[in-house]
Amino acid sequence: MTQAVPAFPRARTAAPTTTRPRLRVARRENTGRVSVFIVLATIFTLVSAVVFHVALAQGQLELDRLGREMSVARREYEQRRLQTSTLASPQRIIQEAQRLGLVMPADPPRYLEVPGAPALPSQGDETATTLGDWKKVKPHLGDEP
């Protein structure tokens with residue numbers, strides 16, 4: 001009798017073959033790349049934070065410098081304002097006039113009326129138009145009534 005050959009050959013029990021752990025090697029390489037990426041990202045973040053803080057500190061120093069300059073300018077402005085108000089005070093002007101030899105008039109000032117000039121407005125919010133009519137007024141400025 002002849003022996004029938006099975007349709008599926010039986011698995012041979014050959015010597016054990018070594019299997020390569022492909023996923024393990026790939027995971028190790030991948031883990032290394034991920035670790036390098038995480039380290040680089042952390043370093044980048046830290047360096048960015050340091051740069052940000054340096055820029056922030058420089059801006060604060062600039063603000064402090066400008067604040068000091070403003071204080072100095074404000075002090076100088078106040079001193080000049082005081083000096084101006086002192087120089088413009090009526091008492092100081094009278095003293096300076098007396099030093100120059102000027103004296104106060106005995107009579108109050110006398111207002112001159114100029115023929116052809118418009119009358120002064122009665123309300124305080126309007127201004128005189130004498131400047132507009134200066135051609136009419138100019139010939140009469142030295143005359144006394």
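Reader: Which pattern does the protein follow when read along the sequence?

Author: The model is predicted. It contains three helices and zero strands. Along the sequence, the pattern is therefore made of helices alone, namely α-α-α.

Reader: In which helix is confidence lowest?

Author: The protein averages a pLDDT of 79, and 62% of the residues score at least 70. Confidence is highest in helix α2 (residues 90–100), at a mean of 92. Where pLDDT is low, predicted coordinates should not be read in detail. The lowest mean, 66, belongs to helix α3 (residues 134–137).

Reader: Which residues are linked with Arg65 in a network of salt bridges?

Author: Arg65 forms a salt bridge with Glu62, the closest N and O atoms being 2.4 Å apart. Because these two residues are three apart in helix α1, about one helical turn separates them. Arg65 also meets the side chain of Glu69 in a salt bridge, at 2.4 Å from N to O. The network thus links Arg65 with Glu62 and Glu69.

Reader: Is Arg80, which pairs with Glu76, buried or exposed?

Author: The side chains of Arg80 and Glu76 meet in a salt bridge of 3.0 Å, N to O. Glu76 has 36% relative accessibility and counts as partly exposed. For Arg80 the relative accessible area is 53%, and the cut-off for exposed is over 50%, so Arg80 is exposed.

Reader: What accessible area do the residues of the nonpolar patch on the surface have together?

Author: The patch is formed by Val36, Val39, Leu40, Ile43, Val47 and Val51. One of these, Val39, lies in helix α1 (residues 22–87) and is partly exposed at 47% relative accessibility. Together, the patch residues have an accessible area of about 540 Å².

Definitions and conventions
Residues numbered from 1 in each chain as written. Predicted model: local features only at pLDDT ≥ 70, side-chain atom pairs only at ≥ 80, totals over all residues. Heavy atoms only, no water. Patch = residues over 30% accessible without salt bridge, like charges linked within 9 Å, V, L, I, M, F, W, Y side chains within 5 Å. Areas by Shrake-Rupley, 256 points an atom, 1.4 Å probe, with all protein chains shown as cover. Salt bridge = Lys/Arg side-chain N within 4 Å of Asp/Glu carboxyl O. Helix = DSSP H or I, 4+ residues; strand = E, 2+ residues; numbered from the N terminus. Buried < 20%, exposed > 50% of the residue type's maximum accessible area, 1.4 Å probe, protein only. pLDDT = per-residue confidence, 0-100.
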